[in-house]
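Me: I would love a close look at one part of this predicted model. Could you take me to a single loop and then walk outwards from there?

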Amino acid sequence: MKKLFLALGMTCALSASAQNFNGYIVKLKPGFESLVNTNMADAQVRKLSFGTFAVVKQNFEGLVQDPAVEYVEKNWIINLNDFSAPQHNDASLTENRDEQFSKQWGLMNDGRNSSGWFSRGKAGEDINATAAWNVETGDRDLVVAVIDTGVDYTHADLKANTWKNEGEIAGNGIDDDGNGFVDDVYGYDFANKDGDPMDGHSHGTHCAGVIGARHNGTGIMGVMANVKIMSIKFLSDSGSGETIDAISSIDYAVANGAKILSNSWGGGEYSEALKESIQNARDKGVLFVAAAGNSSADNDARPTYPANYDVENVITVGAMDGKGNRSSFSNYGQDTVHVFAPGSNILSTVPGDRYKKMSGTSMATPMVSGVLGLLLSKEEGLTFSQIKERIYSTSVPNAGLITKAKSGRIEAYRLLNNIQN
């Protein structure tokens, strides 16, 4: 059975009911779109760039053999029910507008800022951001889409780096640019079917800050000082979402110019429609960065999707701690996880000009999205295979990680300068 999960903060775990789905996704073959009007009275139609889909409430089992139908699958939903551990909500961070870079061990680990309750971290086990920034700080024209619970695009640390649809006029109820979406100024909310992807949860805003919190002397610093963050919401403020909306989110991001898709969610069984949406992104030259998952599981033996889709543009990320070891919650896989990045106790932005620490492959994923954003800002025309080979050959082969992924810890300075092992 297929279920999506969000790889969420402080080893946040999601629960999805084993029989929780909302209708069926039907993909129609080209030329048969009219079937929706004649045979599926209750259908909701999604005309995406790579095909026409209908979401129906009843089980039209007869359509499986219909020559007009390519396939039928369940439209699974998720529910965020339980957290395996509480998130950090330090009052000194939520109100403090001073520079917090010294607490961002993932960018610069001095051993003290990455320590746990009972032990110190290890200095130097980070992405080496400060050295990388001497080479590249990003590109104001590079668009990275955060596909998640939305983004607080008004946050003081994010608003200067927020993507804006210049062809759309906010609040007039008109699709000014003719892209099929009304008032999509900062992105789109597929959970609520409107043009305002504001985050009422916090997870998406946290991921966005890891990628591109502005280097403005206050708050935190993102991996990229310069970037355009596209806000896309398919998970509601209560943490639920549907497969069809995840697919629509990917399609929107690709159609509107994103070059990197950051996806801190995943899991469950294989979905042809979701894979096709990623393949469509591949065909348009778009990277798909995915969280490996927070189940302490071997993805080689038990696939997690979308992380395990064998598509050229997918880069799957595991989480490491401040000692350079695999975070205890992180999934792994020597064949199916591409690289590790800092993911334990990561400080970043949350809605309302606040900051929190969260842990998860959710946090490691935007870390890698940001590093790859630096690479694409510096070098144009790299193929997916070239990008992956660059990751493999320049990552630090930590003893605790090298057997858990295709490479070790991502290292931004080495990646940008192609300094190989």
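What follows starts at one aromatic pair and moves out to the elements around it. Which loops do Tyr 270 and Tyr 305 lie in, and what is found next to them?

Reply: Happy to. Please keep in mind that this is a predicted model.

Let us begin with the two tyrosines themselves. Tyr 270 and Tyr 305 form an edge-to-face aromatic pair, with 6.0 Å from centre to centre and 90 degrees between the planes. Tyr 270 sits in the loop between β10 (265-266) and α6 (272-283), while Tyr 305 sits in the loop between β11 (287-291) and β12 (314-320), so the pair ties together parts that are 35 residues apart in sequence. The two partners are covered to differing degrees: Tyr 270 counts as partly exposed because its relative accessibility is 39%, within the range of 20% to 50%. Tyr 305, at 13% relative accessibility, counts as buried. This pair is one of 15 aromatic pairs in the structure.

The backbone at Tyr 305 deserves a look too. The peptide bond from Tyr 305 to Pro 306 is cis, with omega near 10 degrees. Pro 306 lies in the loop between β11 and β12. Most peptide bonds are trans.

From Tyr 270, the chain leads on to α6. This helix has 12 residues and reaches 16 Å from its first C-alpha to its last, close to the 16 Å expected at 1.5 Å a residue. Its buried residues are Ala 273, Leu 274, Lys 275, Glu 276, Ser 277, Ile 278, Asn 280 and Ala 281. Notice that charged and polar residues, including Lys 275, Glu 276, Ser 277 and Asn 280, are in that buried list. In general, an α-helix has 3.6 residues a turn, so residues three or four places apart point the same way. After α6 comes Gly 285, which has a positive phi, near 80 degrees.

Next, the nonpolar interior. Leu 287 is among the residues with the most contacts inside the largest nonpolar core, a set of 56 residues; Leu 107, Ile 127, Met 367, Val 368, Leu 372 and Ile 387 share that description. Helix α7 (residues 361-378) gives the most to this core, with nine residues. To see how one of these residues is packed, take Leu 107: leaving aside residues up to four places away in sequence, Leu 107 touches Phe 101, Asp 126, Ile 127, Asn 128, Ala 129, Thr 130, Trp 133, Met 221, Val 223 and Met 367. Apart from this core lies another, of 38 residues, and among them are Val 143, Ile 147, Met 230 and Tyr 309.

That second core leads to the strands. Ile 147 stands opposite Ile 232 in β8. Strand β6 (residues 138-148) and β8 run parallel and are joined by seven bridges. Strand β7 (residues 187-189) also pairs with β8 in the parallel sense, over three bridges, and Gly 187 has Ser 231 of β8 as its bridge partner. β8 (residues 226-233) is mostly covered, with seven of its eight residues buried.

Around β7 there is further aromatic company: Phe 181, Tyr 188, Phe 190 and Tyr 252 are linked into a cluster by ring pairs. Another ring has a charge for a neighbour, as Lys 404 lies over the face of Tyr 332, at 4.5 Å from the ring centre.

Following the chain on from β7, Ser 202 is found in the loop between β7 and α4. Its phi is near 125 degrees, a positive value in a residue other than glycine, and Ser 202 counts as buried at 5% relative accessibility. Helix α4 (residues 203-212) is mostly covered: 10 of its 10 residues are buried, including His 203, His 206 and Cys 207. A further positive phi, about 55 degrees, belongs to Asn 345, again not a glycine. Asn 345 lies in the loop between β13 (339-342) and β14 (346-350) and is partly exposed, with a relative accessible area of 27%. Most residues other than glycine have a negative phi.

To place all this in the whole chain: there are nine helices and 15 strands, and 59% of the 421 residues count as buried. Among contacts between residues at least 6 apart in sequence, 73% join residues at least 24 apart. The link between Tyr 270 and Tyr 305, across 35 residues, is a nice local example of parts tied together along the chain.

Definitions and conventions: Residues are numbered from 1 along each chain as its sequence is written. This is a predicted model: local features need pLDDT of at least 70, side-chain atom pairs count only at pLDDT 80 or more; totals for chains, interfaces and linings use all residues. Side-chain values use heavy atoms; hydrogens and water are left out. Rings of Phe, Tyr and Trp (its six-membered ring) pair if their centres lie within 6.5 Å; planes under 30 degrees apart count as stacked, over 60 as edge-to-face and the rest as tilted. Helices (H or I, at least four residues) and strands (E, at least two) are DSSP runs, numbered from the N terminus. Buried means under 20% relative accessible area, exposed over 50%, partly exposed in between (1.4 Å probe, protein chains only). A charge sits over a ring if NZ of Lys or CZ of Arg is within 6 Å of the ring centre and within 35 degrees of the ring normal. The expected span of a helix is 1.5 Å times one less than its number of residues. A nonpolar core is a set of buried Ala, Val, Leu, Ile, Met, Phe, Trp, Tyr and Cys residues joined through side-chain atoms within 4.5 Å. Contact means heavy atoms within 4.5 Å. Two strands pair if DSSP finds at least two bridges between them.
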